[in-house]
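Me: Please take a close look at the last helix of this model. How is it built, and what sits around it?

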Amino acid sequence: MTEEEKSTNKARIETLLRSTGRQGIEDVLAYLEKHDFYEMPSSLRRHHNWPGGLAQHCLGVYDRLKATGEDLPEDSMILTALLHDICKSRKIYRDERGVWKERPDEQLHYKGHGSRSVKLLEKTCGLQLTPEERKAIRFHMGGYNLPKEDLREFFANKSNPLWRKLMNADRYDASKSR
């Protein structure tokens, strides 16, 4: 991915997030900037595993969600698609030599990257999420890797159309990059 593509992705993400007018969005943008969101890969071994891949993936999820979510609120689509993987900014980091590395889950405060993303957005950045947005981000991986104590809430969430469409958009975009 070129520097120009990364810059274009960053500008588009910032414009979309600001368009929501949500309280806390400037803190979210500052967090993205501070934690290499626009530069980092989405993963080290799976989809979008190149510099700039995380921002590219989140935009791909947004584009797919926008194409399939005509019945959903625009601000909810923007927030959930662009921020569903924000916690990767704590999971993936550059070491002292500039090499991308991944922290083991036990070094992170919350289990499950959907839950980590929700906690980071609400507690660290002060972003106000609706209950539907919170659950869509929290369960965007479906039931995969959920702690047993979360399964009941996960199954109760299955009627949430934002969640279902976000999960499908995430899977679709991840499968395109392999």
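Reply: The helix comes first below, then its setting in the chain.

This is a predicted model, in which local features need pLDDT of at least 70 and side-chain atom pairs count only at pLDDT 80 or more, while totals for chains, interfaces and linings use all residues. Residues are numbered from 1 along each chain as its sequence is written, and side-chain values use heavy atoms, with hydrogens and water left out.

Helix α9 covers residues 161-176, 16 residues in all. Helices here are DSSP runs (H or I, at least four residues), strands are E runs of at least two, and both are numbered from the N terminus. From first C-alpha to last, α9 reaches 23 Å, close to the 22 Å expected at 1.5 Å a residue. The expected span is 1.5 Å times one less than the number of residues.

At the start of α9, Asn160 places a side-chain oxygen within 3.0 Å of the backbone nitrogen of Leu162. The cut-off for a polar contact is 3.5 Å between N or O atoms; within protein, one must be able to donate a hydrogen and the other to accept it, and sequence neighbours count only if both atoms are side-chain atoms.

Now the faces of α9. Leu162, Trp163, Leu166, Met167, Ala169, Asp170, Asp173 and Ala174 are buried. They are on the same side of α9, because they cover an arc of only 165 degrees around the axis. The arc is taken from the directions from the helix axis to the C-beta atoms. Buried means under 20% relative accessible area, exposed over 50%, and partly exposed in between (1.4 Å probe, protein chains only).

Tyr172 has a charged partner: the charged end of Arg64 sits over the Tyr172 ring, 3.8 Å from its centre. That label needs NZ of Lys or CZ of Arg within 6 Å of the ring centre and within 35 degrees of the ring normal.

Now the setting. The protein chain has nine helices and two strands, in the order α-α-α-α-α-β-β-α-α-α-α. It has 178 residues, and 49% of them count as buried. Among contacts with a separation of 6 or more, 63% join residues 24 or more positions apart. Contact means heavy atoms within 4.5 Å.

For another helix, take α6 (residues 113-124). Its buried residues include His113, Arg116 and Leu120. The buried residues of α6 pack against α2 (25-34), α4 (74-83), α5 (88-91) and α7 (131-138). Gly126 follows α6, with a positive phi near 75 degrees.
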